[in-house]
Amino acid sequence: MDQHDSATTLKCPAPHTRPAATASNGSDPVVTVVEHAIPGLGISPQLRKDLADGAWRFTGGWNLVHTGSGRCVLPLFTPVNLGPLREAAALLAHFDWTLPAEVLRATPGLQEEAYALGTRVTAAAAYGCPLNTTETSWMVQPPSWHVTLTDLTGEPVGGVFCSNYGDAEATAVELGSYEGLGGAFADITISRENDHEWRLRCCRYDCGVVLESDEGVAQVSTADRDQLVVYAADLGWRQLDDRRLLCPACSTAYQSLHT
Ligand SMILES: [Zn+2]
C-alpha cells in the first residue's frame, strides 16, 4: 500500500504532551494521520478549539506528529501546507522516530533541531516557499536550429525548431519525403538562431521538473525570458522571485495558507 494513500487514526495516550489534533468527545485525545512522511512521523490536520462552542475545527493547516505519541514535533506559528512538512520530515530522518516519546525527548540535540526547523518552516510557509531551493530555475542552452518550409514565392509557410543540427537535418529529410517539394512547398532550409535560449526548471531542491509545452511533448526554450515566464504562469507555474519558479505540483503543495 502506498504510504501516502493510507489514513490512520491513533490514540494519543500521553496526557503531558500537546496533541496535534484532538477530539473533545472522549477521554483520550485522537490524532488522525493523513500521510506517513517517514517511519514514526506523520502529517495530521491542525485543529483549533472554538472557545464559543468548545468544538475542534480544522484550521486548513497541517502538523508534523510523532505517530507513537501524537505529539507535535515542530513549533509552528502559522498554518502550514503539506509541502514544508514533508521536507521537514526528510530533514529529521536521521533520528529514529519509531522510538517512544520519552526516549526521543532525551535524545541529545533533537529538541533544539526540531525547534530551529519549526522556525524555518514557519518562515517558509508564510512566503509559500520550499525550505530548500536551487539557486536558479534558469537553464541556458545554445541557439536552436530551424527547419523552414517556404512556398513558391519564397515566403516561409511553416517550420520546426530542433536543438541540434543532426535532428534538424533528419527533420528536413523527413519533411521533404513526406510533403514532397514542388507542390505547396518550394524549398526546405536549415538555419540557426542567433541568441542563446533559456529553459525553466522547478526550483524546489530534488524536484527538477522542466517546463514543457502544454501538450507535454517537448521542453520549451526561447531567447525571450519574459515570454517564458508568461507561458509558465499560464501552465500553473508560480514565480518566487526573478530567478526561481515552482512547477504546478510544488506551487500547490507550498502555497501559503496565511490569510
Ligand atoms: Zn516542482
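Colleague: In which sense do β8 and strand β9 pair, and over how many bridges?

Modeller: Antiparallel, over six bridges; β8 covers residues 145–150 and β9 covers residues 156–162. Bear in mind that this is a predicted model. For one rung of that ladder, look at Thr-148, whose bridge partner in β9 is Gly-159.

Colleague: How many residues sit between β8 and β9 in the hairpin?

Modeller: Five. While you're in the turn, check Gly-154, which has a positive phi of about 90°.

Colleague: What about the other neighbour: in which sense do β8 and strand β10 pair?

Modeller: Antiparallel again, with six bridges linking β8 to β10 (residues 187–192). You can pin down the register with two pairs. Trp-145 stands opposite Arg-192, and Thr-150 stands opposite Asp-187.

Colleague: So what is the strand order in the open sheet?

Modeller: It runs β9-β8-β10, three strands with antiparallel pairing. β9 and β10 are at the edges and have a single partner strand each, so each has one side with no neighbour in the sheet. Ignoring direction, neighbouring strands here are turned by 20° against each other on average.

Colleague: Now the side chains. Which residues of β8 point to the buried face?

Modeller: The general idea comes first: side chains in a regular strand alternate between the two faces of the sheet. In β8, Trp-145, Val-147 and Leu-149 point to one face and are buried. His-146, Thr-148 and Thr-150 point to the other face and are not buried.

Colleague: Let's do a helix. How many residues of α1 are buried?

Modeller: For burial, the cut-off is 20 or more other C-beta atoms within 10 Å of the residue's own. By that count, seven of the ten residues in helix α1 (residues 82–91) are buried, so the helix is mostly covered. The buried ones are Gly-83, Pro-84, Leu-85, Arg-86, Glu-87, Ala-88 and Ala-89.

Colleague: And what covers the buried residues of α1?

Modeller: A mix of strands and helices, including β3 (35–38), β4 (41–49) and β5 (56–66), along with α3 (110–127) and α6 (248–253).

Colleague: Last one, on confidence. Which element has the lowest mean pLDDT, and which the highest?

Modeller: Strand β1 (residues 8–11) is lowest at 37, and strand β13 (residues 245–246) is highest at 98. For the protein chain, the mean pLDDT is 84, with 85% of residues reaching 70 or more.

Colleague: Where does pLDDT stay under 50?

Modeller: Over residues 1–29. The model still has 59 contacts beyond four places in sequence for that stretch.

Terms used. Residues numbered from 1 in each chain as written. Predicted model: local features only at pLDDT ≥ 70, side-chain atom pairs only at ≥ 80, totals over all residues. pLDDT = per-residue confidence, 0-100. Helix = DSSP H or I, 4+ residues; strand = E, 2+ residues; numbered from the N terminus. Contact = placed C-beta atoms within 7 Å. Buried ≥ 20, exposed ≤ 12 C-beta atoms within 10 Å, placed from the backbone. Pairing = 2+ DSSP bridges. Axes fitted to C-alpha atoms, helices over the stretch in contact; angles between N-to-C directions.
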